[in-house]
Number of protein chains: 2
Amino acid sequence: MVKRAVILLSGGLDSATVLAAARAEGYACYTMSFDYGQRHRSELDASQRISAALGAVEHKVIGIQLDGIGGSALTDSRLSVPDAQAHTQTIPVTYVPARNTVFLSLALGWAEVLKAYDIFIGVNDVDYSGYPDCRMEFIQAFEQVANLATREGVEGRKFRIQAPLQSLSKAAIIRLGTQLGVDYALTVSCYQADQQGRACGVCDSCQLRKQGFLNANINDPTRYF
Amino acid sequence: MVKRAVILLSGGLDSATVLAAARAEGYACYTMSFDYGQRHRSELDASQRISAALGAVEHKVIGIQLDGIGGSALTDSRLSVPDAQAHTQTIPVTYVPARNTVFLSLALGWAEVLKAYDIFIGVNDVDYSGYPDCRMEFIQAFEQVANLATREGVEGRKFRIQAPLQSLSKAAIIRLGTQLGVDYALTVSCYQADQQGRACGVCDSCQLRKQGFLNANINDPTRYF
């Protein structure tokens, strides 16, 4: 039987590259995205298009009312998304409390149902926004939880949380994805993209992306509004 | 400032007791329940009544489409809830994949927003249905994740996942709650309760509850259909 993997897909550049990498390793890929009260829905449309373009077996969108919790500029419309900031130790207002923990938990639930023992996530601690739940020590701790929380874990099979981009620069990620055939025109990175998926060009995420294409010396297909 | 706690509330006997215990310890209690596609909504009504009766500051219900994941008799209407089974090593069909991981993740998100550093959960590994995510080693692993995943954790404050019922028998839990003034008539334990919160009397959860009241020698207020 072909080995299965669940891939967390945000619609952005990193997770699209992760999907391409998992597929290149021979996994049957099940992609998962979340409708969590985020500011724009174009990232869900992007996830759907990326899943189709990169041959995912199934794309599932799970609704969660994270906006009921608040605490982030990405889920609370009363807070505004700031322009790119100097990268300091400060965790920015776009941090969504416990987001990757929630997303990995739901991926784990689906993985257990699918008997998929590999869960891929596009976290990266080089060119990132300083979120605590993008660090390798977090990923490793969650892997522990995954193996203690589940029927499959108790019965002796082992879940792995794979973060293949962990130590890559944004430019290296873009080079990798380009080699693997990712069409980055399908991806949306902007924290405040419009309905058509066009980007603002000034938020932290846009700046990281723009600089990545420049550094990789690869043509940037991003559309701006 | 009064210390705050987030209490996971299922509407059942255990979590109502946990809420009473947290309140007795002086916490300002924020209760959290989930609308996750479970078979009956009476447990959400019960959570609301219990929160009011035991003086919670706020009761939040978060929607999650766990039924989109399936894999459990509690969220998939095509699977039926079995009668109580002999307690073996087997994990029953009522196990919901990664449920407590998902619930604790969302509680963590809210706790971070509230600056509540204690999260209470009513898991118990004595009289329980054999779910892997009710064991102490799971709770401890999740506490690790909580402290690595969050802004608060990174900044040096410490989240604690408190499971005060962990090693109590069902009878001991009922005695504790009775001392603390819990009205168990408000709680619903049955896996297939009706709209009015009346219980089947034959599922695993009903059997554990019934035996608990018998062993505690306390009058059982459960209503059966």
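Reply: Two residues are taken to be in contact if their C-beta atoms, placed from the backbone, lie within 7 Å. Please keep in mind that this is a predicted model.

Me: With that cut-off, how many residues does each chain bring to the contact between chain A and chain B?

Reply: The size of an interface is often given as the accessible area lost when the parts come together. Here the description is by residues instead, and the contact takes 38 residues from chain A and 38 residues from chain B.

Me: Which element of chain B gives the most to the side that touches chain A?

Reply: That is H3(B), with 10 residues; strand E3 (58-63), helix H3 (99-114), helix H4 (136-149) and helix H5 (151-154) of chain B each supply at least two residues of that side. By class, the side of chain B that touches chain A holds 21 nonpolar, 12 polar and five charged residues.

Me: How should I read the fold of chain A, and in what order do its elements run?

Reply: Chain A has seven helices and five strands, and from the N terminus on they follow the order β-α-β-α-β-α-β-α-α-β-α-α. Of its 225 residues, 52% count as buried.

Me: At what angle do helices H1 and H6 of chain A cross?

Reply: The axes of H1 (residues 13-24) and H6 (residues 170-179) of chain A cross at roughly 45° and come within 9 Å, which means that H1(A) is oblique to H6(A). The crossing is left-handed, and among the residues that meet there are Leu13(A) and Ala20(A) in H1(A), with Ile173(A) and Gly177(A) in H6(A). The residues of this contact divide into seven nonpolar, two polar and one charged.

Key
Residues numbered from 1 in each chain as written. Chains lettered and ligands numbered in written order. Predicted model: local features only at pLDDT ≥ 70, side-chain atom pairs only at ≥ 80, totals over all residues. Helix = DSSP H or I, 4+ residues; strand = E, 2+ residues; numbered from the N terminus. Nonpolar A, V, L, I, M, F, W, Y, C, P; charged D, E, K, R; others polar. Axes fitted to C-alpha atoms, helices over the stretch in contact; angles between N-to-C directions. Parallel < 35°, antiparallel > 145°, perpendicular 65-115°, else oblique. Left-handed = near helix turned anticlockwise from the far one by under 90°. Buried ≥ 20, exposed ≤ 12 C-beta atoms within 10 Å, placed from the backbone.
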